[in-house]
Amino acid sequence: CSSSQIIKQSILELKLQAEESFVLKVVQLEELLQVRHSVFVIGNAGCGKSQVEAEPPLKTRVPS
């Protein structure tokens with residue numbers, strides 16, 4: 001399984017839409033968190049900001 005497939009599965013389990021742009025942003029956020037101590041998540045209403053967790057459950061973590 002690739003990281004994108006794992007992310008898509010996790011998104012669907014959360015009953016969200018697994019659109020390619022959303023999956024890409026999740027991958028980018030994971031990569032950013034590997035090199036930064038903190039980030040700001042900004043965006044329009046309804047774009048998924050509130051679905052971001054500081055410590056996601058282990059099943060949603062992408063293997064390094």
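Start with the whole chain: residues 24 or more positions apart account for 36% of the contacts in the protein with a separation of 6 or more. A contact here means heavy atoms within 4.5 Å. This is a predicted model, in which local features need pLDDT of at least 70 and side-chain atom pairs count only at pLDDT 80 or more, while totals for chains, interfaces and linings use all residues. Residues are numbered from 1 along each chain as its sequence is written, and side-chain values use heavy atoms, with hydrogens and water left out.

**Overview**

Switch to cartoon. The protein has 2 helices and 0 strands. Both kinds of element are DSSP runs, numbered from the N terminus: helices are H or I with at least four residues, strands are E with at least two. Now show the surface. The protein exposes about 5400 Å², and carbon and sulfur atoms supply 56% of that area. Areas come from the Shrake-Rupley method with a 1.4 Å probe; for residues, only the protein chains shown count as cover. Of the 64 residues, 11% are buried. Buried means under 20% relative accessible area, exposed over 50%, and partly exposed in between.

**Helix 1**

Select residues 3–13. Within this helix, Ile6, Ile7, Ser10 and Ile11 are buried. Look down the axis: the buried residues fall within an arc of 135°, so they line one face of helix 1. The arc is taken from the directions that run from the helix axis to the C-beta atoms. What do the buried residues of helix 1 pack against? Add residues 20–35 to the view: the partner is helix 2.

**The loop**

Next, pick Lys15. This residue sits in the loop between helix 1 and helix 2. Its phi is positive, near 60°, in a residue other than glycine. Most residues other than glycine have a negative phi. Lys15 counts as exposed, because its relative accessibility is 74%.

**The salt bridge**

Show Lys8 and Glu20 as sticks. Their side chains meet in a salt bridge, 2.8 Å from N to O. The pair links distant parts of the chain, with Lys8 in helix 1 and Glu20 in helix 2, 12 residues apart. A search of the whole structure finds 1 salt bridge, defined as a side-chain nitrogen of Lys or Arg within 4 Å of a carboxyl oxygen of Asp or Glu. Are the two partners buried or exposed? Lys8 is partly exposed at 28% relative accessibility, whereas Glu20 is exposed at 52%.

**Last stop: Gln28**

Move along helix 2 to Gln28. At 35% relative accessibility, Gln28 counts as partly exposed. Add Lys25: a polar contact of 3.2 Å joins the two side chains. A polar contact is a pair of N or O atoms within 3.5 Å; within protein, one must be able to donate a hydrogen and the other to accept it, and residues adjacent in sequence count only if both atoms are side-chain atoms.

Notes: Buried < 20%, exposed > 50% of the residue type's maximum accessible area, 1.4 Å probe, protein only.
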